[in-house]
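My notebook is open, and I'm going through this structure one lookup at a time. Here is what I wrote down.

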Amino acid sequence: MKLPTRTATVAPAGIVGTLRAGRPTRSLIPRLRAGDIVVIDHVDLDRPTAQRMLDAGVAAVINAQPMTSGRFPNLGPQLLVEAGIVVVDGVGEGGFAALADGRTARVDGGTVYDGEQRLTTGRVVDRELTQAQMAEARAGMATQLQTISHISSELVRREQAVLLHGIGLPALAARLEDRPVLVVADAPETSDQLRRMRTFLREQRPAVVATAAAARAVRQAGLRPDVVVVGAGEDLPEAKVLRAAKDVVVCGASAVHDDSLSRIGTAPHHVLTSLASRDIALLLAQSASPRVLIVAGMGASLTDLLDRDRDGAAGSFLSRLAAGQQVVDASAVPTLYSGRVRVRHVVLALLICVLLVAAAIATTDVGHDWLRDLLDQIGVQG
């Protein structure tokens, strides 16, 4: 008698997940969940947006547009690829339309399937491609700087009151004047920068102004934000962070967070502006006349500046100029301030201790006898 044999089921190759599609990309970010396949229409994906996708735990990113156009070396694709995320670009408008939001799909190589049905095909973006594109894109930086200069002129005209004169910025309850102030924004390097300057933070105890997205990194570093700045479209941090802060500042005309803040007993300040939360945080700190202004997660290089949307790059450029020469980047603090005790400090302290002990002994009867014997010996030798 021949027994029936069971054949093993072979799982289809690739990554299976739920498609999350939408325009613009910033409106899609809050809906992302772990294992999702993100479908975007975004030329030159920037690093902050890519980092939010990583934080959400997405499995793959599919772009209707090129991940890098060659205009400047955007860091978003490289960040995704190095994290092991499957990246496909160039599927076009037809491909974007075929990848309906909420649909379950499978990504295998550069092709997206629904079961065995092919939905669209694009180009796989791997490490070698991103490195080659980055090298080529550096040639386009001059053109981007010209564009940012033009947008900056328009932004100054629109936001000159807050940028040039601080008009519209609230009076804070937190004491920042004549203190070291640390301004923290959300970026991939923020946690590492805070970790490397632990000695400075422990010994100097600066006031902390943090954006809502950076509040978690600040708490993980053992710090408490004195001021929390919430940008338009940003989620609120944990309630305990908001309660502990002396001030909560909400940017933009929307009152979407007011009810939530009211329920936890926090009355926010409002700033009517189109500037990003990181820029308002920097301007708030600068307007309070701090002793020194340290910025973490802001990005100090030209590539960091260009690797943002154009309005964001212009705002960062202008707010940094407005803050002036007080600004020190967090990456420089470990070099400028080590907090270590030098050998000369130890020698000087020991010398002072010896002199103090000698002076104390000299005031006693025994000390007088010793001093008389010492003088006698010097007189004999003379």
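Before anything else I need my exposure words: buried means under 20% relative accessible area, exposed means over 50%, and partly exposed is in between (1.4 Å probe, protein chains only). The areas come from the Shrake-Rupley method with a 1.4 Å probe, and for residues only the protein chains shown count as cover.

**Ground rules.** I'm working with a predicted model, where local features need pLDDT of at least 70, side-chain atom pairs count only at pLDDT 80 or more, and totals for chains, interfaces and linings use all residues. Residues are numbered from 1 along each chain as its sequence is written, and side-chain values use heavy atoms, with hydrogens and water left out.

**Alanine 332.** I tried the exposure words on alanine 332: it is partly exposed because its relative accessible area is 28%. I found alanine 332 in the loop between β15 (327–329) and α15 (333–336). My labels for helices (H or I, at least four residues) and strands (E, at least two) are DSSP runs, numbered from the N terminus. Then I looked up glutamine 193: it sits 139 residues from alanine 332 in sequence, but the two C-alpha atoms are 9.3 Å apart in space.

**Whole chain.** I counted 17 helices and 15 strands in the protein chain. Of its 382 residues, 43% count as buried. The chain exposes about 20400 Å², and carbon and sulfur atoms supply 54% of that. Next I checked contacts, meaning heavy atoms within 4.5 Å. Among contacts between residues at least 6 apart in sequence, 62% join residues at least 24 apart.

**Helix α12 and serine 319.** How many residues of α12 (residues 277–287) are buried? I get 9 of 11, so the helix is mostly covered by the definition above. Among the buried ones are Asp279, Leu282 and Leu283. Those three names came back when I looked at serine 319, which is in contact with Leu163, Asp279, Leu282 and Leu283, leaving aside neighbours within four places in sequence. Serine 319 itself lies in helix α14 (residues 310–323). It is buried because its relative accessible area is 1%. Its side chain also makes a polar contact with the side chain of aspartate 279, at 3.2 Å. For that term, I need a pair of N or O atoms within 3.5 Å; within protein, one must be able to donate a hydrogen and the other to accept it, and residues adjacent in sequence count only if both atoms are side-chain atoms.

**Serine 289.** Serine 289 comes just after α12, in the loop between α12 and β14 (292–296). Its phi is positive, about 55 degrees, although it is not a glycine. I put it down as partly exposed because its relative accessible area is 46%.

**Second largest pocket.** What is a pocket here? On a 1 Å grid over the protein atoms alone, a pocket is an open set of points where a 1.4 Å probe fits, with protein on both sides within 12 Å along at least five of seven lines; lining residues have an atom within 4 Å of a point. Grid points are joined across faces, edges and corners, and a volume is the space filled by probe spheres set on the points. I noted about 270 Å³ for the second largest pocket. Its lining has 13 residues, and Leu201, Arg205, Pro206, Gly222 and Leu223 lie nearest the centre. Which element gives the most to this lining? It is α8, with 3 residues.

**Arginine 205.** One of the residues nearest that pocket's centre is Arg205, so I looked it up: arginine 205 is exposed, with a relative accessible area of 62%. It is in the loop between α8 and β10. Its phi is near 50 degrees, a positive value in a residue other than glycine.

**Two more arginines.** Arginine 106 lies in strand β5 (residues 104–108). Is it buried or exposed? Buried, because its relative accessibility is 8%. Its side chain reaches the backbone oxygen of glycine 115 at 3.2 Å. As for arginine 23, its peptide bond to proline 24 is cis, with omega near -15 degrees. I placed proline 24 in the loop between β1 (15–21) and α1 (25–28).
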